[in-house]
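Got the viewer open and a selection box ready? Here is a tour, one stop at a time.

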Amino acid sequence: MTQHNVQLFTLSQPQQRIWYTELVYPNRNTSTIITTVKIKGTVCIDALQEAMNRVVAQNDSFRIKITVRDGIPYQYVEPFAAQSIETLQVTPEEAELWVSHHNAQPFPLLDSQLYRFVILQLGAEDTWFSFKMHHIISDGVTMEQAINEITGNYMSIVHGTGSDTPVPANSYLDFIQTEQSYEQSERYQKDKVYWTEKFAGLPEVTGLKSYNPLTISTAARREVYTLEHELYRGVTAFCEAHNISIFTFFLAALYIFLHKTTGEQDLTVGTLYANRTLKKEKNTMGMFVSTVATRLQVAGIRVAHFSTRCWQGAGVHFAASALSV
């Protein structure tokens, strides 16, 4: 559809989940993806700024803006216009304080630019750049892709290789069309029947403490644990022997822990999947990641087979396993 000569597109299923999160938790940075890249060595600031602008020019997901028409959210893509990337001269102490303050600031969601680069120069051999994107236009995979492209563009610019004209990358808008085609397919109907049967009866909420999504704080923290080398080798060897990913290994461990801790036999855990099922999608920047509820039934001393198959709008995956508890 069009509105005032701007072509509007519906939100994809992954984007709609972020939209609803914004409705529940407005004016917070709950849906902001943030990283700070720290570079040691001499950096040509002009080349770095150009490298960032090239990524924005090549990938239309950066230029997506969200608007509302008659209460319904839509998105549109603005034409590329090179921007001056803010660059600050700071001390290490000032840099840490600036990053802490900057990371806490949410994006205005409607009709606003939903990404931001800021370069921090701490010294001749110490440069950082802050990179923020709203989750409605980006996910963690996109963040990594963008940093890799910035790096590649920067090296190309400083060494004088490659073209000066950015070549458009895969468009995120193509994913919307793919998703809509899927929703009209026979496969969608089969997946719908599967999920309707899987959750015909809703399980109890599994948790180790009380949780009220309407009152609990959105503040979070990260705990980091480093496995000893021998333990890590043992885990990876087990995964290779049983043809599973490390993610699946630790997800299974979580199920076992929850069962032994709570005594519950019907366990459901929300997990994330990249949701890039096609090669083209793997090379496209945008918001794809899906949230999937994996449900597991415990019977006796064995864990029943469980599946993580889901609609393409939320990723399409299938895995089955039987685990001793």
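Before selecting anything, a word on naming: helices here are DSSP runs of H or I at least four residues long, strands are runs of E of at least two, and both are numbered from the N terminus. Bear in mind, too, that this is a predicted model.

**Stop one: a pair on H2.** Select arginine 54 and glutamate 50, whose side chains meet in a salt bridge at 3.2 Å, N to O. The two sit four residues apart in helix H2, so about one helical turn separates them. Colour by accessibility and the partners part ways: arginine 54 counts as buried at 9% relative accessibility, while glutamate 50 is partly exposed at 32%.

**Stop two: the sheet beside it.** Keep H2 on screen and add S7, S8 and S9; the helix lies across these strands and runs at about 165° to S8. Now bring in S4, and you have an open sheet of four strands in the order S4-S9-S8-S7, with mixed pairing. S4 and S7 (86-89) are its edge strands, each pairing on one side only. On average, neighbouring strands are turned by 20° against each other, ignoring direction. Zoom in on S8 and S9, an antiparallel pair joined by eight bridges. Arginine 116 is there too, standing opposite lysine 132 in S9.

**Stop three: isoleucine 85.** Next, pick isoleucine 85, in the loop between strand S6 (72-77) and S7. Buried or exposed? At 7% relative accessibility, it counts as buried. Show its contacts beyond four places in sequence and you'll get Gln49, Met52, Asn53, Phe117, Val118 and Ile119. With phenylalanine 117, the C-alpha to C-alpha distance is 6.4 Å, although 32 residues separate the two in sequence.

**Stop four: the nonpolar core.** Which residues touch the most other members of the largest nonpolar core? Select Phe62, Phe117, Phe131 and Ile136, out of 39 residues in that core. Helices H1 (13-24), H2 (45-58) and H4 (140-159) are among the elements that each supply at least two residues, as are strands S4, S5, S8 and S9. H2 gives the largest share, seven residues. Expand around isoleucine 136 and, past its neighbours up to four places away in sequence, you'll find it touching Leu11, Gln15, Ile18, Trp19, Ile66, Leu109, Leu114 and Met287. Another core, of eight residues, lies apart from the largest one and includes Trp98, Val118, Leu120 and Leu122.

**Stop five: further salt bridges.** The structure holds nine salt bridges. Go to helix H6 (residues 186-198), where glutamate 186 and lysine 190 lie four residues apart, about one turn. Their side chains meet at 3.7 Å, N to O. Glutamate 186 is exposed at 58% relative accessible area, and lysine 190 is exposed at 51%. Then jump to aspartate 266 and arginine 295, whose salt bridge spans 2.6 Å, N to O. Aspartate 266 lies in strand S10 and arginine 295 in strand S11 (residues 290-299), so this pair ties together parts 29 residues apart in sequence. Arginine 295 is buried, at 9%.

**Last stop: two positive phi angles.** Most residues other than glycine have a negative phi. Select aspartate 111, with phi near 50°, in the loop between helix H3 (92-103) and S8. Then try asparagine 275, at about 65°, in the loop between S10 and helix H9 (279-282). Aspartate 111 is partly exposed at 41%, whereas asparagine 275 is buried at 1%.

Note on methods: Residues are numbered from 1 along each chain as its sequence is written. This is a predicted model: local features need pLDDT of at least 70, side-chain atom pairs count only at pLDDT 80 or more; totals for chains, interfaces and linings use all residues. Side-chain values use heavy atoms; hydrogens and water are left out. Buried means under 20% relative accessible area, exposed over 50%, partly exposed in between (1.4 Å probe, protein chains only). A nonpolar core is a set of buried Ala, Val, Leu, Ile, Met, Phe, Trp, Tyr and Cys residues joined through side-chain atoms within 4.5 Å. Contact means heavy atoms within 4.5 Å. Two strands pair if DSSP finds at least two bridges between them. Axes are lines fitted to C-alpha atoms, for helices over the stretch in contact, and angles run from 0 to 180 degrees between N-to-C directions. A salt bridge is a side-chain nitrogen of Lys or Arg within 4 Å of a carboxyl oxygen of Asp or Glu.
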